[in-house]
Amino acid sequence: MQRLIPTLRQDQVAEGLISVINTLQICAKEISFRLHQGELAGVLGSTLDENIQGETQKKLDVLSNQLLKDILLENKFVRAVASEEEEGIVDGFSDGKYLIAFDPLDGSSNIDINSMVGTIFSILPAPTDGTEDEAMFLQPGSNQVAAGYVLYGPSTLLVFTTGKGVRVFTLDQKVGEFLLTEHDLEIPKDTCEFAINMSNYRHWQPEMRHYIDDLLAGETGPRCKNFNMRWIAAMVADVHRVLCRGGLFTYPWDCREANKPYKLRLMYEGNPMAMLVEQAGGQAHSGEQRILDIQPQHIHQRIGVILGSSNEVDACLSYLQGSQ
Ligand code: FBP
């Protein structure tokens with residue numbers, strides 16, 4: 001089985017980008033080791049702090065964030081990093097070619113129940129026109145040169161794209177190397193599976209409720225087929241399932257808090273997952289536009305997400321646009 005670096009070279013990925021992805025896999029192995037040690041490493045449970053999003057931080061959120069930041073910022077190709085857990089960006093090398101945005105540990109409420117979590121990353125080119133600070137990161141997702149995630153599950157997987165399809169590597173614990181196990185993931189166009197947090201039903205807009213009602217109505221309803229539902233409560237794991245066997249994943253607009261109608265973040269979750277999904281032949285939409293076309297306003301921006309099997313994303317959008 002092929003190793004990571006030779007695969008990247010075969011895909012003709014630039015040497016600087018290979019170096020950044022290599023650094024990310026070093027971090028991933030370290031986080032994976034700590035997670036698998038669990039209680040034995042004394043890293044489960046929460047800290048007493050909240051992150052910039054106002055959420056309680058798990059000890060492993062803090063540890064993973066620190067690790068990624070420290071190790072990435074030693075790489076001379078890294079111009080700056082932005083993290084879901086940090087208020088502002090953190091500068092690296094002034095002549096670095098890449099910007100890395102990451103969610104160090106997505107789905108962190110799963111840590112204490114020994115369920116799946118992951119590290120999501122997005123790599124953008126550093127502007128060369130003198131743009132500085134946070135403004136450097138405010139590029140549409142279509143500019144990403146690579147995106148991916150590490151899924152810490154029964155196996156540790158590194159799933160990424162550099163724009164040439166979606167590659168899956170599995171961590172061989174015996175030799176400590178990521179080995180290529182899937183060359184080109186492809187999302188089936190049609191699906192009978194969806195993922196949504198149903199407990200928010202009462203907060204959605206009527207068109208979204210109508211769409212989900214019709215899925216639940218099954219083969220005697222207007223969609224004329226039975227749908228199954230899965231919800232792992234970690235986007236990284238739910239999207240991984242969609243990449244492997246199709247499905248529709250959505251975290252839609254909801255009206256609970258007028259100034260916070262969306263849950264997922266554009267830079268750390270929306271953009272990297274959208275690039276992967278499109279590379280695998282699926283679609284990723286915010287409900288208003290293609291996610292990769294969104295011009296970010298700030299690094300912690302949140303958006304609606306509807307992604308997965310292409311025909312099902314179209315079906316969902318047709319309800320939202322009122323044509324069903
Ligand atoms: P964290 O990054 O703080 O863990 O939150 C993001 C997230 O876990 C997504 O991965 C997931 O889809 C969603 O929140 C689940 O939240 P909920 O089940 O509470 O709706």
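Which ring does the charged end of Arg209 sit over? The ring of Tyr201. The charged end lies 5.9 Å from the centre of that ring. One caution before I go on: this is a predicted model.

Next, the aromatic pairs. A pair of aromatic rings is described by the distance of the centres and the angle of the planes. The structure holds 5 such pairs. I'll show two of them, starting with Phe160 and Phe169. Their ring centres are 5.6 Å apart. The planes meet at 5°, so this pair is stacked. Are these two residues buried or exposed? Phe160 has 2% relative accessibility, so it counts as buried. Phe169 is at 0%, and it counts as buried too.

Now take Trp231 and Tyr251. Here the centres are 5.9 Å apart and the planes stand at 55°. That makes the pair tilted. Where do the two residues sit? Trp231 is in the loop between β12 (228–229) and α5. Tyr251 belongs to strand β13, residues 248–251. The pair therefore ties together parts that are 20 residues apart in sequence. On accessibility, Trp231 is partly exposed, at 28% relative accessible area. Tyr251 is at 9%, which counts as buried. Phe249 joins in as well: Trp231, Phe249 and Tyr251 form one aromatic cluster.

Stay with that loop between β12 and α5, since Ala233 lies there. Look at its backbone. Most residues other than glycine have a negative phi. Ala233 has a positive phi, near 70°. Its relative accessibility is 37%, so Ala233 counts as partly exposed. Cys224 is another non-glycine residue with a positive phi, near 55°. You'll find Cys224 in the loop between α4 (206–216) and β12. Cys224 has a relative accessible area of 56%, so it is exposed.

On to helix packing. Helix α5 covers residues 235–245, and helix α6 covers residues 266–279. How do their axes run? They come within 11 Å and cross at roughly 10°. α5 and α6 are therefore roughly parallel to each other. From α5, the contact uses Met235, Val236, Val239 and Leu243. From α6, it uses Glu269, Met273, Leu276 and Val277. By class, that contact has 7 nonpolar residues, no polar ones and 1 charged.

Next is helix α7, residues 310–320. How many of its residues are buried? The count is 9 of 11, so α7 is largely enclosed by the rest of the structure. The buried set is Ser310, Glu312, Val313, Ala315, Cys316, Leu317, Ser318, Tyr319 and Leu320. Note that Glu312 is among them. What covers these residues? The cover includes α4, β13, β15 (283–285) and β17 (305–308). We met β13 already, as the strand that holds Tyr251. After α7 comes Gly322, with a positive phi near 80°.

One last residue: Ser64. Ser64 is part of helix α3, residues 59–72. At 1% relative accessibility, Ser64 counts as buried. Which residues does Ser64 touch, leaving aside its neighbours within four places in sequence? The contacts are Ile31, Pro104 and Leu105.

To recap. Phe160 and Phe169 make a stacked pair. α5 and α6 run roughly parallel. And α7 is largely enclosed by the rest of the structure. That's my tour.

Key
Residues are numbered from 1 along each chain as its sequence is written. This is a predicted model: local features need pLDDT of at least 70, side-chain atom pairs count only at pLDDT 80 or more; totals for chains, interfaces and linings use all residues. Side-chain values use heavy atoms; hydrogens and water are left out. Axes are lines fitted to C-alpha atoms, for helices over the stretch in contact, and angles run from 0 to 180 degrees between N-to-C directions. Helices (H or I, at least four residues) and strands (E, at least two) are DSSP runs, numbered from the N terminus. Angles under 35 degrees count as roughly parallel, over 145 as roughly antiparallel, 65 to 115 as roughly perpendicular and the rest as oblique. Contact means heavy atoms within 4.5 Å. Ala, Val, Leu, Ile, Met, Phe, Trp, Tyr, Cys and Pro count as nonpolar, Asp, Glu, Lys and Arg as charged, and the others, Gly among them, as polar. Rings of Phe, Tyr and Trp (its six-membered ring) pair if their centres lie within 6.5 Å; planes under 30 degrees apart count as stacked, over 60 as edge-to-face and the rest as tilted. Buried means under 20% relative accessible area, exposed over 50%, partly exposed in between (1.4 Å probe, protein chains only). A charge sits over a ring if NZ of Lys or CZ of Arg is within 6 Å of the ring centre and within 35 degrees of the ring normal.
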